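Dear colleague,

I am handing over the structure we spoke about, and below it you will find my notes on what turned up in it. Please read them with the sequence and the coordinates open beside you.

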Amino acid sequence: MARKLVAGNWKMNGSLDANKRLLDEVLAGLQAQPPQCDVAVCPPFPYLVQVQDWQDRSRRADGQALLCLGAQDVSAHASGAFTGDVSSAMLQEFGVAYVIVGHSERRKYQGESDAAVAQKALAAQKAGMTPIVCLGETLPERDAGQALAVVERQLQAVLAVPELDASRVVLAYEPVWAIGTGRTATPEQAQEVHAALRGQLRAVLGEKAAQVRILYGGSMNPGNAAELLAQPDIDGGLIGGAALKAADFLAIVAAAG
């Protein structure tokens, strides 16, 4: 079984002062009770250097960081006339370990296709970072019985890229209808999708499929984290709102341990 990962997605939230207070509390909690899982936070781009400082402060004697830095997106292009985009080489300079690609909000508001998401994942991996590939269905798709077909189609776009090592990605199942709504997939609903994704990986990777971490990303909070994380194919969480509250985030980290 893969070591669990809890990654906080701050989305478009934060300020220098608010981030400092949050990071101080999170790091103090991690140092007081060293996590039994990997922990990352993904701030907006302007705050990468600020969080990088906390990542460096969190390093243990063996050089491993208690708190890893992640980014919320990356361009598929190496450089060029792409105003507003950020390349993998730029992220690499800040010591970014993880990169979220294909979040449902970007698929919806920026119109990112499955193929575009796969190319972003490849760009991150080529630069030595681990892509966190988000997959998930809308409520109409779930109600129509298409949930598994949707996420399997999204994953297939990643598996179809020959240069990408699928054994070195992280997947995040985020039912779109459960993001920021307070609604959460039941542990059984989440496990069903995670198991289907694991099976799809197994068909390509064989035994290596067990090494791929599949996170749950739909309104995980301290109240439901333990039950969700107890499912056999849920290997952690991609945390939204709860990642902005140190006590809630640390409670989820503890549940993953």
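In this predicted model, the side chain of E137 makes a polar contact with the side chain of Y173 at 2.9 Å, and the side chain of E137 makes another polar contact, at 3.0 Å, with the side chain of W177. E137 sits in the loop between β5 (130-135) and α6 (139-143), and although it is a loop residue, E137 counts as buried because its relative accessible area is 0%, where the cut-off for buried is under 20%. If neighbours within four places in sequence are set aside, the residues in contact with E137 are R142, A147, V150, V151, Y173, E174, P175, V176 and W177.

Y173 comes up again from another side, since H194, a residue of helix α8, touches Y173, I214, L215, Y216, D233 and I234 when residues up to four places away in sequence are not counted. Is H194 buried or exposed? The relative accessibility of H194 is 0%, and therefore H194 counts as buried.

Three of the contacts of E137, namely A147, V150 and V151, lead on to helix α7, where A147, V150 and V151 are listed among the buried residues together with Q154, L155, A157, V158 and L159. The elements that cover these buried residues of α7 include α4 (104-109), α5 (114-126), β5, α6, β6 (170-173) and α8. As a check on the geometry of α7, its 13 residues should span 18 Å at 1.5 Å a residue, and the end C-alpha atoms are 19 Å apart, so the two values agree.

How do α7 and α8 lie against each other, and at what angle do they pack? Helix α7 (residues 147-159) and helix α8 (residues 187-205) pack at an angle of about 35°, with 10 Å between their axes, and the crossing of α7 past α8 is right-handed. On the α7 side the residues that meet α8 are L148, V151, E152, L155, Q156 and L159, while on the α8 side they are E192, V193, A196, L197, Q200, L201 and V204. Of the residues in this contact, nine are nonpolar, two are polar and two are charged. Elsewhere in helix α8 lies R202, which counts as partly exposed because its relative accessibility is 48%; the C-alpha atoms of R202 and V212 are 9.9 Å apart in space, with their positions 10 residues apart in sequence.

Helix α5 deserves a similar look, as α7 is among the elements that cover its buried residues, alongside α3 (88-93), β4 (98-101), α4 and β5. The buried residues of α5 are D114, V117, A118, K120, A121, L122, A123, A124 and Q125. The 13 residues of α5 should span 18 Å at 1.5 Å a residue, and the end C-alpha atoms lie 19 Å apart, so here too there is agreement. After α5 comes G128, which has a positive phi near 85°.

L164, in the loop between α7 and β6, has contacts in both of these helices: leaving aside neighbours within four places in sequence, L164 is in contact with A118, A121, L122, Q125, V158 and V169. Its relative accessible area is 8%, and so L164 is buried. The C-alpha atoms of L164 and A256 are separated by 28 Å, the two residues being 92 residues apart along the chain.

Another long separation concerns A247, found in helix α10 (residues 246-256), and S167, for the two are 80 residues apart in sequence and 33 Å apart in space, C-alpha to C-alpha. A247 is exposed, because its relative accessible area is 59%.

Finally, there are two backbone angles that you may wish to view. K11, in the loop between β1 (5-9) and α1 (16-32), has a positive phi of about 55° although it is not a glycine, and with a relative accessible area of 21% K11 is partly exposed. S219, in the loop between β7 (213-216) and α9 (225-229), likewise has a positive phi, near 60°, in a residue other than glycine.

With kind regards

Definitions and conventions
Residues numbered from 1 in each chain as written. Predicted model: local features only at pLDDT ≥ 70, side-chain atom pairs only at ≥ 80, totals over all residues. Heavy atoms only, no water. Helix = DSSP H or I, 4+ residues; strand = E, 2+ residues; numbered from the N terminus. Buried < 20%, exposed > 50% of the residue type's maximum accessible area, 1.4 Å probe, protein only. Polar contact = N/O pair within 3.5 Å; in protein donor to acceptor, adjacent residues only side chain to side chain. Contact = heavy atoms within 4.5 Å. Axes fitted to C-alpha atoms, helices over the stretch in contact; angles between N-to-C directions. Left-handed = near helix turned anticlockwise from the far one by under 90°. Nonpolar A, V, L, I, M, F, W, Y, C, P; charged D, E, K, R; others polar. Expected span 1.5 Å × (residues − 1).
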